[in-house]
Amino acid sequence: MTVAVKTFARLADAASAVSTERGARFLAGGTLLMRAVNEADPSIETIVRSTDPAFVHVAVSSARVELGAGATMAAILAERELSFLHRVARAVGGPAVREAATVGGNLFAPSPYGDFAVALLALDATVTLAGGYGQRELPLDELLAGRERGASLVSKIAFRRPPGETFRFATVTRVHPKGLSVLSIAALLPLTNARIAGARIAYGAMGHTPLRAKAAERALEGRALDAAGIAPALAVAADGTSPRDDAIASAWWRREILPVHLRRLLLGVDQV
Ligand SMILES: Cc1cc2nc3c(=O)[nH]c(=O)nc-3n(C[C@H](O)[C@H](O)[C@H](O)COP(=O)(O)OP(=O)(O)OC[C@H]3O[C@@H](n4cnc5c(N)ncnc54)[C@H](O)[C@@H]3O)c2cc1C
């Protein structure tokens, strides 16, 4: 079976091709897609690429971060202003994978992959979809909920830069220093008068896609980040999750260890 490769200078034209060509798939870093091509996945008939410089552009100001969807984990690690995301980028594969793996591709990576998407969900990111007839912006939650439908091309991801030390991320693995995530947790923890005001917590590998821990977020509202303050959130940590059994861990075990690691993250105790 032959696979056609089509390269476009403009993202808008690549987006048109993704939605109109038969069996078209967009190629970013290729760490997942090329495996499917090499395994002769019959659903892939055309590979669409773009050399548009906007696709890899990263812009960081004091208030806002914009990441071209084609920015790699290595590019994130090279940007000092994005140091709050370095732990997240380092959680994705080994050095060779990080050179190719893109932020946009991570939004479509099946569970338990998707560590970067978990962080972006906690950061309340929006995604911009490129299209032949213009662009459209939508919340990341919405993209994740409909991502199986495919045929859309993410050009950019944007979010408010988190103030101070308000953003935290942890990934739990059984193989050290770096194995697949048993689960990952990201949290944005804004404080007003030493009380949580508007926390956002997201999990990876606790459902079909990265998901919000809405019950835990509600339980944290107005509470202090100490053992007594976070206890109600830990009690509902696994509410709304639907982890799966896989080769890395059972669903039961994921639910068991989730509050342990959420506790460490909220109290600022470094993970082992
Ligand atoms: C050895 C190995 C270890 C890994 N470890 C981890 C890990 O620890 N954590 C983790 O999160 N992931 C991991 N991954 C998975 C993967 O490398 C990352 O999720 C990566 O970010 C995927 O991005 P990519 O650019 O390579 O995607 P690609 O392989 O290019 O694409 C993947 C899918 O996303 C679609 N896609 C890509 N970009 C876009 C876009 N801009 N708009 C719309 N659709 C798009 C493609 O069409 C395809 O269906 C690992 C992979 C390997 C091979």
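**Ligand site and backbone oddities**

Pro 112 sits in the loop that links H6 to helix H7 (115-122). Keep in mind that this is a predicted model. The bond leading into that proline, from Ser 111 to Pro 112, is cis, with omega near 10°. H6 is also worth a look for the ligand, since the largest share of the shell around the ligand, three residues, comes from this helix.

**Who surrounds the ligand**

- There are 28 residues around the ligand, and the ones that come nearest are Phe 26, Thr 31, Thr 102, Gly 114 and Asp 115.
- By residue class, the shell around the ligand splits into 15 nonpolar, 10 polar and three charged residues.
- Strand E2 (24-26), helix H6 (103-106) and strand E8 (153-160) each put at least two residues into that shell.
- As for the pocket itself, the ligand takes up the space of the largest one.

**Polar contacts and cover**

- Phe 26 shows up again here: a polar backbone atom of Phe 26 is 2.6 Å from an oxygen atom of the ligand.
- Gly 93 also uses its backbone, with an N or O atom 3.1 Å from a ligand oxygen atom.
- On the nitrogen side, a ligand nitrogen atom has a backbone N or O atom of Val 154 at 2.9 Å.
- Taken on its own, the ligand has 970 Å² of accessible area, and the protein covers 88% of that.

**Domains**

- The domain assignment cuts the protein into domain 1 (4-50), domain 2 (53-160) and domain 3 (167-267).
- Which domains each give at least three residues to the shell around the ligand? Domain 1 and domain 2 do.
- Domain 1 and domain 3 have C-alpha centres 35 Å apart.

**Backbone spots to check**

- Most peptide bonds are trans, and most residues other than glycine have a negative phi.
- Against that background, the Ser 111 to Pro 112 bond is cis.
- Asp 124 has a positive phi, near 60°, and is not a glycine.
- Where does Asp 124 sit? Its place is in the loop between H7 and strand E6 (126-130).

Notes:
Residues numbered from 1 in each chain as written. Predicted model: local features only at pLDDT ≥ 70, side-chain atom pairs only at ≥ 80, totals over all residues. Heavy atoms only, no water. Near = heavy atom within 4 Å. Polar contact = N/O pair within 3.5 Å; in protein donor to acceptor, adjacent residues only side chain to side chain. Areas by Shrake-Rupley, 256 points an atom, 1.4 Å probe, with all protein chains shown as cover. 1 Å grid on protein atoms, 1.4 Å probe; cavity = no way out; pocket = protein on both sides within 12 Å on 5 of 7 lines; lining within 4 Å. Sits in = over half its atoms within 2 Å of the grid points. Helix = DSSP H or I, 4+ residues; strand = E, 2+ residues; numbered from the N terminus. Nonpolar A, V, L, I, M, F, W, Y, C, P; charged D, E, K, R; others polar. Domains from an automatic or database assignment.
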